[in-house]
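Colleague: Could you take me through this model slowly, one topic at a time, as I am still learning how to read a structure?

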Amino acid sequence: MSGATYYREFLAELQEYCDPQYREFHKKLLKNDNINLIGVRIPQLRKLAKKHLQNVDGLLAMPDEYYEVTFVKLTAVSLLGWEEFLKRVEGCVALIDNWATCDCFVPKCILKHKQEFLPYVEKYALSDGEYYQRFALTTLLHFYVDGNHADVIREILQKVNTKYYYVHMAAAWLIAEMLVKDYDNTVKLLQSGLYDIKTHNKAIQKACESFRLTKEQKNFLKGMKK
């Protein structure tokens, strides 16, 4: 089957699951009029990624005309083993152009290769791209808030550009997760004034929205707002 034929058939398969109401809802969430959506819900996209996993390079060869196509590509790559994932990660991160695709790209093989993947995280954090930096932060959030990488996370948080809206939000989300997992040490970091006021306050807000902190901890954090 030619690549063009595969792509046409794949688009036809996506169209079978089109939900116009969901498409309009999700488009508003993405806040990007340049993204074309078919309107397929995420659970179905994940099923399609598993279905087409054996032809991952065929998926990656498809044009990125639709949000769903890119989503399935990245989801499929996230299911690969370490060596196969590593061959494709650079090209995948380059495809990310919105927060939703970024946040759903969670390659589970990283869990067993944290130290080996850290240089990639550090490289993406230093990139000029907003979504490169967000991917670095969400990867830290998913795999590195484990009590062993606090210093690395702190250094990376100081290097990313929180003037980018989606980097700022990811940084706040990451700090909030650190507060849940390592409250005392993260409070000390906040008290040190390492982060800009906007990110500092947003992190506290996100942490206080969590059911995993006590009422006393939340009240203390609210008193730290600037």
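**Helix packing and the largest pocket**

Modeller: In this predicted model, helix α9 (residues 130-143) packs with α11 at an angle of about 10 degrees, and their axes lie 9 Å apart.

Colleague: How are α9 and α11 oriented to each other?

Modeller: The angle between the two helices is about 10 degrees. Angles under 35 degrees count as roughly parallel, and therefore α9 and α11 are described as roughly parallel.

Colleague: Which residue class, nonpolar, polar or charged, has 12 residues in the contact of α9 with α11?

Modeller: From α9 the contact includes Y131, L137, L140 and L141, while α11 contributes, among others, Y165, M169, W173 and L174. Sorted by class, the contact of α9 with α11 has 3 charged and 2 polar residues, and the class with 12 residues is nonpolar.

Colleague: How are α3 and α5 oriented to each other?

Modeller: The axes of helix α3 (residues 42-51) and helix α5 (residues 67-78) come within 8 Å and cross at roughly 55 degrees. An angle of this kind is neither under 35 degrees nor in the range 65 to 115, and α3 and α5 are therefore oblique.

Colleague: What is the handedness of the crossing of α3 with α5, and which residues of α5 make the contact?

Modeller: As α3 passes α5, the crossing is right-handed. On the α3 side the contact is made by I42, L45, R46, L48 and A49, and on the α5 side by E68, F71, V72, T75 and A76.

Colleague: Which helix supplies the largest share of the lining of the largest pocket?

Modeller: The largest pocket has a volume of about 260 Å³, and its lining includes L29, K31, W99, D103 and R134. Both α7 (99-104) and α11 (165-181) supply at least two residues of this lining. The largest share, 4 residues, comes from α11.

Colleague: How many charged residues are in that lining?

Modeller: The lining of the largest pocket has 6 nonpolar residues and no polar ones, and the number of charged residues is 4.

Notes:
Residues are numbered from 1 along each chain as its sequence is written. This is a predicted model: local features need pLDDT of at least 70, side-chain atom pairs count only at pLDDT 80 or more; totals for chains, interfaces and linings use all residues. Side-chain values use heavy atoms; hydrogens and water are left out. On a 1 Å grid over the protein atoms alone, a cavity is a set of points where a 1.4 Å probe fits but cannot get out, and a pocket is an open set with protein on both sides within 12 Å along at least five of seven lines; lining residues have an atom within 4 Å of a point. Grid points are joined across faces, edges and corners, and a volume is the space filled by probe spheres set on the points. Ala, Val, Leu, Ile, Met, Phe, Trp, Tyr, Cys and Pro count as nonpolar, Asp, Glu, Lys and Arg as charged, and the others, Gly among them, as polar. Axes are lines fitted to C-alpha atoms, for helices over the stretch in contact, and angles run from 0 to 180 degrees between N-to-C directions. Angles under 35 degrees count as roughly parallel, over 145 as roughly antiparallel, 65 to 115 as roughly perpendicular and the rest as oblique. A crossing is left-handed if the near helix is turned anticlockwise from the far one by less than a right angle, and right-handed if clockwise. Contact means heavy atoms within 4.5 Å.
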